[in-house]
Amino acid sequence: MTHNPLPHEAPWWRHAVIYQVYPRSFADQDGDGVGDLPGITSRLPYLAELGVDAIWISPFYRSPMADAGYDVADYRDIDPLFGDLSDADALIARAHELGVRVVIDLVPNHTSDQHAWFQAALAAGPGSPERERYVFRPGRGDGTEPPNNWESVFGGGAWTRVTEPDGTPGQWYLHLFDDTQPDLNWDNPEVVEEFQDVLRFWLDRGVDGFRVDVAHALIKDPELPDWHGRAVMANGGDGETAHTHLGPMWDQEGVHEIYRGWRRLLDSYNPTGDPAQDRILCAEAWLPTQERTMRYTRADEMHQAFNFHFLQSPWRVDDVTEVVEASLVAAEAVGAPTTWVLSNHDVVRHASRLGLPVGTPRPNGIGALEPQPNAVLGLRRARAATTLMLALPGSAYLYNGEELGLPEHTALPDAVRQDPAFHRTAGEETGRDGCRVPMPWTAAAPSFGFGPGKESWLPQPDLYGVFAVDRQQGVDGSTLELYRTLLRVRRQHDLGVGGLEWLDLGPEVLAFRNARGDGTPVTVITNFGEEPVALPEGTSVLVCSGRLHEGMLGQDTTVWLS
Ligand code: NOJ
C-alpha cells in the first residue's frame, strides 16, 4: 500500500536520525581505558558533521557496572568513571550549540543492589515499607524454594534469597536480569513518584528525551504465576524469537498508565506546544507483534518505540519488504512515526550479523556466534541495509561505530568478557561484549585513538585499525563517507517525512519511491538477487551502497535515484 508524506512542520522526532553513544566505548579523555563524558563532548563536532539530529547516550549514572551501567545506584549523579554532573551539563550545552539534541537512557525496571533503596530494604527486613519498593516474597515450601520458577534473562533463576538483618536466611527478591539488578515494585506509588522526580531532574538539566530500558517489564502479573517459557530479551532470527516468549513479566496492561503519566510530565515542559521544544520518550520493548509494540506509542504515551522487528528480519527480499510495510501500517494505525534500527549494544553488529548465512538462527549477542560471519558479504549487506533504512520515512537509530562498518569482535578472550550473561551461563552464552569494543579513531595511535592510554576496557582487535575514522575520512567509497552522504541527501530530500509508494521491479528486488507532494521523488532500489538490475530510464544516481557494474545494480546493493 502507499503511505502518505507528513506535513512540513512535522516535529523533529518523527524523522530524526538518532546516534547511540555507548559511553564506555566512544572516546576516553582521561586515559583510564574507559570512555567518558568529556570524551563524548570532544567528539561532538564529528557527530554534527556526520549529520545526525540527536544522540542517545547509554547509562552514565553512578553504578557498580555489573551490567555496564544498566544497574543504577544513583539516578541523579554521574559515575566517576564517566565524569561528574558538570561534565553532563557541558555535554548537553555543547550538543545544543551544535544543533544536536540529547536523549538519555532511563532504567526504571530495576536499580542496582547498591542503590540506597535496596540497601535500606535489606536492612529494614520483611514487612517494612522499604521492602515494598521491590518485589520481595517468602520462598515456597519451607522457604528454601524460590517463589516461582521464573528465569533471569541473563541465565539462572530470577530470584535470590537474602540474609535477614538477624542473620537468618529470609525472603527472596525478584530480578529479571542479574542478581545485582533487583526489580522495582511499580505498584508502589512511591516508585512512581520517584521516577517522575528523576525525569524532572534531567529535564531541568536540558535533556531532550529518554530511551526507556525494558519498557515492557515494569508491571508483572500480580499472581506471579509459574511460567514455562524462557525470558529472553532479544533473540533474532528465523523460527523462535523473543517474541514467542511473552510471559507474565512482560507487556502487562499496567505499564501504559505509567507512560501516560510521563507523557503528561514531558508535555508540561513544552507549554506552548512548539514542536521544536518536544521532549521525547522511546520504548525499548521486545514484543511479539508490531501492533503490541506500537501500543506504547499511542497519542498519549511515548513518542517512539524501537523497531526490533526490522532489526531481526532475515536478509531476504520478502521478509524485508514485509517488515517495512507492516511497520508503516502499525505506526499509522496509532499516528506515531515508525523507527528503524539495525545495530545497538545488545546485538551482533549488523556488518557481521548480515555476513552469516541467511537462515542461521541469528544470535543476539546473548548466544554463540557460529559459524564465523563472512566479513566481505556482511559489510556489503550492511551498507545496503543502511542505505535502504535511511531512505525510509520515520526516525532512524544508528549505533556508534556502524558508520565505520565496524564488525563484531568475535575473538575476545573469555578472561576479558564482562557481560553478566556470559558469567551467569558459565560461558554457554558468549554475551554482548563483541559489539561494545571501543571505537577506532586514529589508525596509528595507541588504542587507535580511543584514548591517550594503550589499553581499553575491552581489547580492540588489530583489524579495527583499517576501520579507523582517519582512514575513512575524505576517502571516496568508504563507509564513513557513505553514511555522511546518506544523511546529507536524506535531509536535502526530506526522506524522513516523505511518503512511500512501492514499485515492482522484479521478484528479488525491493523498490519504492519516497516523495513529498512538492519535491522531486527519490527512487530507492535494493537488489537481493544474483541477477543484476537495470536502473530505470532517465534516472540519475544520488548515492549507491556499492559500485554499479556497467550501469547495473549488483546483488546486496542499494541505490538512491532521482
Ligand atoms: C536492555 C539494555 O539495552 C541491556 O543492555 C540491559 O542489559 C538490559 N536492558 C537490562 O537493563
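A salt bridge, for this talk, is a side-chain nitrogen of Lys or Arg within 4 Å of a carboxyl oxygen of Asp or Glu. With that cut-off, the structure you have in front of you holds 35 salt bridges. Side chains of opposite charge can pair when their charged atoms come close.

Before I go on, two housekeeping sentences. This is a predicted model, so local features need pLDDT of at least 70 and side-chain atom pairs count only at pLDDT 80 or more, while totals for chains, interfaces and linings use all residues. Residues are numbered from 1 along each chain as its sequence is written, and side-chain values use heavy atoms, with hydrogens and water left out.

Let's start with the overall picture. The chain has 15 helices and 20 strands; these are DSSP runs numbered from the N terminus, helices being H or I with at least four residues and strands being E with at least two. Along the principal axes, the C-alpha atoms fill a box of roughly 80 × 50 × 45 Å. The radius of gyration is 23 Å, which agrees with the value near 24 Å for a compact globule of 562 residues. That radius is taken over C-alpha atoms, and the globule rule is 2.2 Å times the number of residues to the power 0.38.

How much of the chain is buried? Buried residues make up 62% of the 562 residues. Here buried means under 20% relative accessible area, exposed means over 50%, and partly exposed is in between, with a 1.4 Å probe and protein chains only. The areas themselves come from the Shrake-Rupley method.

Now, some salt bridges. Arginine 205 pairs with aspartate 89, and their closest N and O atoms are 2.8 Å apart. Arginine 205 sits in the loop between helix H6 (189-204) and strand S9 (209-212), while aspartate 89 is in helix H4 (residues 85-97), so this pair ties together parts that are 116 residues apart in sequence. Arginine 205 is partly exposed at 27% relative accessibility, and aspartate 89 is partly exposed at 30%.

Staying with helix H4, arginine 94 forms a salt bridge with glutamate 97, with 2.7 Å between the closest N and O atoms. Both residues lie in H4, 3 residues apart, or about one turn of the helix. Arginine 94 is partly exposed, with a relative accessible area of 29%, whereas glutamate 97 counts as exposed at 60%.

Next, please find arginine 292 and aspartate 251, whose side chains meet in a salt bridge of 2.8 Å, N to O. Arginine 292 belongs to helix H8 (residues 290-294) and aspartate 251 to the loop between S9 and helix H7 (255-267), so the contact ties together parts that are 41 residues apart in sequence. Arginine 292 is partly exposed, at 29%, but aspartate 251 is buried, at 6%. Salt bridges that share partners also join Asp67, Asp346, Asp419, Arg432 and Arg436 into one network.

Aspartate 251 deserves a second look for its backbone. What is its phi? Phi is positive, about 55°, although aspartate 251 is not a glycine. Alanine 426 also has a positive phi, near 50°, and is a residue other than glycine. Alanine 426 lies in the loop between helix H13 (420-424) and helix H14 (469-472), and with a relative accessible area of 75% it is exposed.

On to the surface. Where does negative charge gather in a patch? Asp318, Glu322, Glu508, Glu530 and Glu531 form such a patch on the surface. Patch residues have over 30% relative accessible area and no salt bridge, and like charges are joined within 9 Å. Aspartate 318 is in helix H10 (residues 317-334) and counts as exposed at 53% relative accessibility.

Last, a few distances between residues, all C-alpha to C-alpha. Arginine 488, in helix H15 (residues 479-492), is partly exposed at 47%. Arginine 488 and valine 52 are 436 residues apart in sequence and 9.4 Å apart in space. Proline 507, in the loop between strand S14 (499-503) and strand S15 (509-515), is exposed at 72%. From proline 507 to alanine 382 there are 125 residues in sequence and 21 Å in space. Alanine 215, in the loop between S9 and H7, is buried at 0%. Alanine 215 and proline 38 are 177 residues apart in sequence and 29 Å apart in space.

Thanks for listening, everyone!

Definitions and conventions
Patch = residues over 30% accessible without salt bridge, like charges linked within 9 Å, V, L, I, M, F, W, Y side chains within 5 Å. Areas by Shrake-Rupley, 256 points an atom, 1.4 Å probe, with all protein chains shown as cover. Lys, Arg positive; Asp, Glu negative; His and termini not counted. Charge placed at Lys NZ, Arg CZ, Asp CG, Glu CD.
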